[in-house]
Amino acid sequence: MKIETRNKFTWFPFYPEDFCNSTRVKCMSLGEIGAYVTLLCYAWLEPECGLTNNQADLKILADWKAALPTDRWERIMACFPKHPTRKKCVHNPRLYKEWLRARQISQERSQAAQKRWEKAPAQIPTVGHPRTRTTEHISTNGTSTWDAYGAAYTNTYGVAPTRNAKTNS
């Protein structure tokens, strides 16, 4: 199975009830929650939701320089243990689980689309759309299109059609 180099999912599922009921989140200040959510967003955009384990880089990503003296970085990092498959990376286990689920659903839908398109040519009718203009069914017997139209019009309405530059060019 090929692993994506970048995360192609532009959004991630967020469960407010789970977030608000998390004891870790309840213990965080608003500044810590902001840094935590920011890191979740950056993690989602990275391959396999992994972030560097370099604390200085993570603080820059989370804009930690704006933190209050009472904010504790350790509370945030408690939500990002070592990544299970990537060395020197941390991850959020719940976010990683959602990423794996999104990847599985994406692969299943991609396979379903491929199967659908493999069958499609046999199911497509060979006749064109009914509103598509074609002249294959019109026999003009060597005359121009206007002459054929004129003959059909005369047969239908009993009078010859009027041809002028404004109406019929």
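This note sets out, in numbered points, the main features of a predicted model of one protein chain.

1. Overall organisation. The secondary structure of the chain consists of 7 helices and 2 strands. From the start of the sequence to its end, these elements follow the order α-α-α-β-α-α-β-α-α. Among the contacts with a separation of 6 or more, 59% join residues that are 24 or more positions apart.

2. Surface and interior. The chain has 169 residues, and 25% of them count as buried. Its accessible surface amounts to about 13000 Å², and carbon and sulfur atoms account for 55% of that area.

3. The largest nonpolar core. In soluble globular proteins, nonpolar side chains tend to be buried together. In this model the largest nonpolar core holds 26 residues, and those that touch the most other members are Tyr 36, Leu 39, Trp 73, Ile 76 and Phe 80. Helix 3 (30-45), helix 5 and helix 6 (93-123) each contribute at least two residues to this core. Helix 3 contributes the most, with 7 residues.

4. Leu 39. Which residues does Leu 39 contact, leaving aside its neighbours within four places in sequence? They are Leu 51, Leu 58, Leu 61, Ala 62, Trp 73, Ile 76 and Phe 80. Three of the names in that list, Trp 73, Ile 76 and Phe 80, also appear with Leu 39 among the core residues that touch the most other members.

5. Leu 58. This residue is located in helix 4 (residues 55-61). Its relative accessible area is 0%, and because buried means under 20%, Leu 58 counts as buried. Beyond its neighbours within four places in sequence, Leu 58 is in contact with Leu 39, Leu 51, Thr 52, Trp 73, Met 77 and Val 90. For one of these partners, Met 77, the separation from Leu 58 is 19 residues in sequence and 9.5 Å in space, taken from C-alpha to C-alpha. The contact itself is judged on heavy atoms within 4.5 Å, whereas the distance of 9.5 Å runs between C-alpha atoms.

6. Glu 48 and Cys 49. Most residues other than glycine have a negative phi. Glu 48 has a positive phi, near 55°, and Cys 49 likewise has a positive value, about 55°, although it is not a glycine. Glu 48 is placed in the loop between helix 3 and strand 1 (51-52), and Cys 49 is in the loop between helix 3 and strand 1 as well. Are these residues buried or exposed? Glu 48 is buried at 9% relative accessibility, and Cys 49 is buried with a relative accessible area of 0%.

7. His 83. The loop between helix 5 (73-77) and strand 2 (89-90) contains His 83. This histidine is buried, since its relative accessible area of 7% falls under 20%. A polar atom of its side chain lies 3.1 Å from the backbone nitrogen of Thr 85. Leaving aside neighbours within four places in sequence, His 83 is in contact with Glu 48, Cys 49, Gly 50, Cys 89, Val 90, His 91 and Tyr 96. The list thus includes Glu 48 and Cys 49, the two residues discussed in the preceding point.

8. The largest pocket. How much space lies in the largest pocket? The volume is about 360 Å³. The lining is made up of 17 residues, of which Phe 19, Tyr 36, Leu 40, Asn 92 and Arg 94 are the closest to the centre of the pocket. Helix 1 (16-21), helix 2 (23-26), helix 3 and helix 6 each supply at least two lining residues. Helix 6 supplies the most, with 4 residues. Tyr 36 is named both here and among the core residues that touch the most other members.

9. Phe 19. Helix 1 contains Phe 19. Phe 19 has a relative accessibility of 16% and counts as buried, because the limit for that class is under 20%. Apart from neighbours within four places in sequence, Phe 19 is in contact with Phe 14, Val 25, Ile 33, Tyr 36 and Val 37.

10. Gly 31. This glycine lies in helix 3. Gly 31 counts as partly exposed, because its relative accessibility of 38% is between the limits of 20% and 50%. Gly 31 and Ala 66 are 35 residues apart in sequence, while their C-alpha atoms are 8.3 Å apart in space.

Key: Residues numbered from 1 in each chain as written. Predicted model: local features only at pLDDT ≥ 70, side-chain atom pairs only at ≥ 80, totals over all residues. Heavy atoms only, no water. Buried < 20%, exposed > 50% of the residue type's maximum accessible area, 1.4 Å probe, protein only. Areas by Shrake-Rupley, 256 points an atom, 1.4 Å probe, with all protein chains shown as cover. Polar contact = N/O pair within 3.5 Å; in protein donor to acceptor, adjacent residues only side chain to side chain. Core = buried A, V, L, I, M, F, W, Y, C linked by side-chain atoms within 4.5 Å. 1 Å grid on protein atoms, 1.4 Å probe; cavity = no way out; pocket = protein on both sides within 12 Å on 5 of 7 lines; lining within 4 Å. Points joined across faces, edges and corners; volume = space filled by probe spheres on them.
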